[in-house]
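User: I am in my first year and would like a careful, connected look at the charged and aromatic side chains of one structure. Please start from a single residue and work outwards from there.

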Amino acid sequence: MEQRKTFDDLVKLMDRLRDPGGCPWDREQNLATIKTYFLEEVYEAVEAIDENDGPGVIEELGDVLFEVVFLARLAREQGWGDVYEAVHLVHEKLVRRHPHVFGDAAVENSGQVVDQWQKIKGEERKEKGKKRASVLDGVPQVLPPLLQALRISQRAVAKGFEWPDLDGVIEKHTEEVRELTEAVKDGLPREKAEEELGDILFTLVNVARWMKLDPHAGLMRSMRKFRRRFGYMEDRLAENDKEMEACTLDELESLWTNAKKELG
């Protein structure tokens with residue numbers, strides 16, 4: 001039986017690819033190009049998780065890990081440190097931010113864990129001489145919009161900027177829908193209409209937060225459901241040698257209704 005490879009083996013493989021005499025493609029890459037592949041691999045891992053594909057999750061995590069090792073090699077070439085330093089730093093940070101596990105601190109619930117985590121992060125920034133102009137600066141702007149909206153909302157709420165109840169959030173959502181409708185009727189510029197649409201989406205994220213729902217997961221489920229139903233329609237039409245564009249709205253509605261009945 002072949003001996004199982006280790007993390008060190010992966011680092012050595014990366015060095016072989018990147019060193020002189022290695023792979024021409026790998027030697028041409030830089031932080032900007034590998035950053036893109038890193039994001040793609042992360043999304044593929046997330047997709048495998050969403051599909052509950054156990055073997056796929058493990059395989060995709062390996063791909064993510066390789067991109068991490070690749071980025072760390074490129075960072076080493078810049079003189080920033082190596083992957084082992086990254087491992088050391090994150091290990092130290094996690095121990096430091098879990099004093100209730102590795103120290104004498106006491107917490108009663110996960111909410112207190114989060115509060116403690118944020119407090120320690122703030123102390124770390126002060127020690128490094130880093131001060132954020134806004135609490136929202138800690139939310140990366142490269143996050144997917146739905147997740148970014150959720151994190152921004154959570155940061156604002158932590159500072160007390162919150163509706164008194166769920167009804168208030170839903171009322172705000174209704175108000176934003178009305179404003180978009182009026183913007184369209186009034187023929188306002190596209191950018192203004194898009195801004196109003198963004199307000200609707202942001203309030204929906206807050207509705208989800210209040211209901212302890214994951215807006216990203218909800219949208220992903222809806223899109224997967226739509227894909228299944230739309231595929232069903234395409235298959236039924238193909239069986240009858242018919243193009244979707246040639247169907248009436250009533251025919252399409254009938255197909256959609258059947259898809260819902262059969263697929264849920």
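User: Is Glu40 buried, partly exposed or exposed, and why?

Analyst: Before anything else, please keep in mind that this is a predicted model. Glu40 counts as partly exposed, because its relative accessibility is 42%, and the class of partly exposed covers values between under 20%, which is buried, and over 50%, which is exposed. The residue is placed in helix α3, and it belongs to a negative surface patch that is formed by Glu40, Glu44, Glu47, Glu51, Asp53 and Glu59. Helix α3, which covers residues 31-50, gives the most to this negative patch, with three residues.

The surface also carries a patch of the opposite sign, where Lys93, Lys128, Lys130 and Arg132 gather as positive charge. One of these residues, Lys128, is found in the loop between α7 (110-127) and α8 (145-158), and Lys128 counts as exposed because its relative accessibility is 60%.

From the patches we can turn to charges that are paired. Side chains of opposite charge can pair when their charged atoms come close. A search of the whole structure finds 15 salt bridges, and a few of them are worth following one by one.

The side chains of Asp15 and Arg73 meet in a salt bridge of 3.0 Å, taken from N to O. Asp15 lies in helix α1 (residues 7-18) and Arg73 in helix α4, so this pair ties together parts that are 58 residues apart in sequence. Both Asp15 and Arg73 are buried, whereas Glu40 is partly exposed.

Another salt bridge joins the side chains of Glu124 and Arg96, at 2.7 Å from N to O. This pair, too, links distant parts of the chain, with Glu124 in helix α7 and Arg96 in helix α5 (residues 83-96), 28 residues apart. The two partners fall into separate classes of exposure: Glu124 is buried, with a relative accessible area of 8%, while Arg96 is partly exposed, with a relative accessible area of 40%.

In a further salt bridge, Glu251 is paired with Lys242, and their closest N and O atoms are 2.9 Å apart. Glu251 counts as partly exposed because its relative accessible area is 31%, and Lys242 is also partly exposed, at 32% relative accessibility. Salt bridges can also share partners, and in this way Asp15, Arg18, Asp19, Arg73, Arg76 and Glu77 are joined into one network, which includes the pair of Asp15 and Arg73 described above.

The aromatic side chains can be read in a similar way. A pair of aromatic rings is described by the distance of the centres and the angle of the planes. With pairs counted when the ring centres lie within 6.5 Å, the count comes to five aromatic pairs. The rings of Trp25 and Tyr37 have their centres 5.6 Å apart and their planes at 70°, so this pair is edge-to-face. The pair links distant parts of the chain, since Trp25 is in helix α2 (residues 24-28) and Tyr37 is in helix α3, 12 residues apart. Trp25 counts as partly exposed at 40% relative accessibility, and Tyr37 is partly exposed as well, with a relative accessible area of 33%.

Phe66 and Phe70 form an aromatic pair that is also edge-to-face, with 5.9 Å from centre to centre and 70° between the planes. Both residues lie in helix α4 (residues 54-77), four residues apart, which is about one turn of the helix. Phe70 counts as buried because its relative accessibility is 0%. Elsewhere, Phe226, Phe230 and Trp256 form one aromatic cluster.

Finally, two charged residues deserve a look for their backbone. Most residues other than glycine have a negative phi, and most peptide bonds are trans. Lys212, however, has a positive phi near 60° although it is a residue other than glycine, and its place is in the loop between α10 (190-210) and α11 (215-239). Lys212 is exposed, with a relative accessible area of 76%. Asp241 likewise has a positive phi, of about 50°, and is not a glycine; Asp241 sits in the loop between α11 and α12 and is exposed, with a relative accessible area of 74%.

Conventions:
Residues numbered from 1 in each chain as written. Predicted model: local features only at pLDDT ≥ 70, side-chain atom pairs only at ≥ 80, totals over all residues. Heavy atoms only, no water. Patch = residues over 30% accessible without salt bridge, like charges linked within 9 Å, V, L, I, M, F, W, Y side chains within 5 Å. Areas by Shrake-Rupley, 256 points an atom, 1.4 Å probe, with all protein chains shown as cover. Salt bridge = Lys/Arg side-chain N within 4 Å of Asp/Glu carboxyl O. Lys, Arg positive; Asp, Glu negative; His and termini not counted. Charge placed at Lys NZ, Arg CZ, Asp CG, Glu CD. Helix = DSSP H or I, 4+ residues; strand = E, 2+ residues; numbered from the N terminus. Buried < 20%, exposed > 50% of the residue type's maximum accessible area, 1.4 Å probe, protein only. Phe/Tyr/Trp six-rings, centres within 6.5 Å; stacked < 30°, edge-to-face > 60°.
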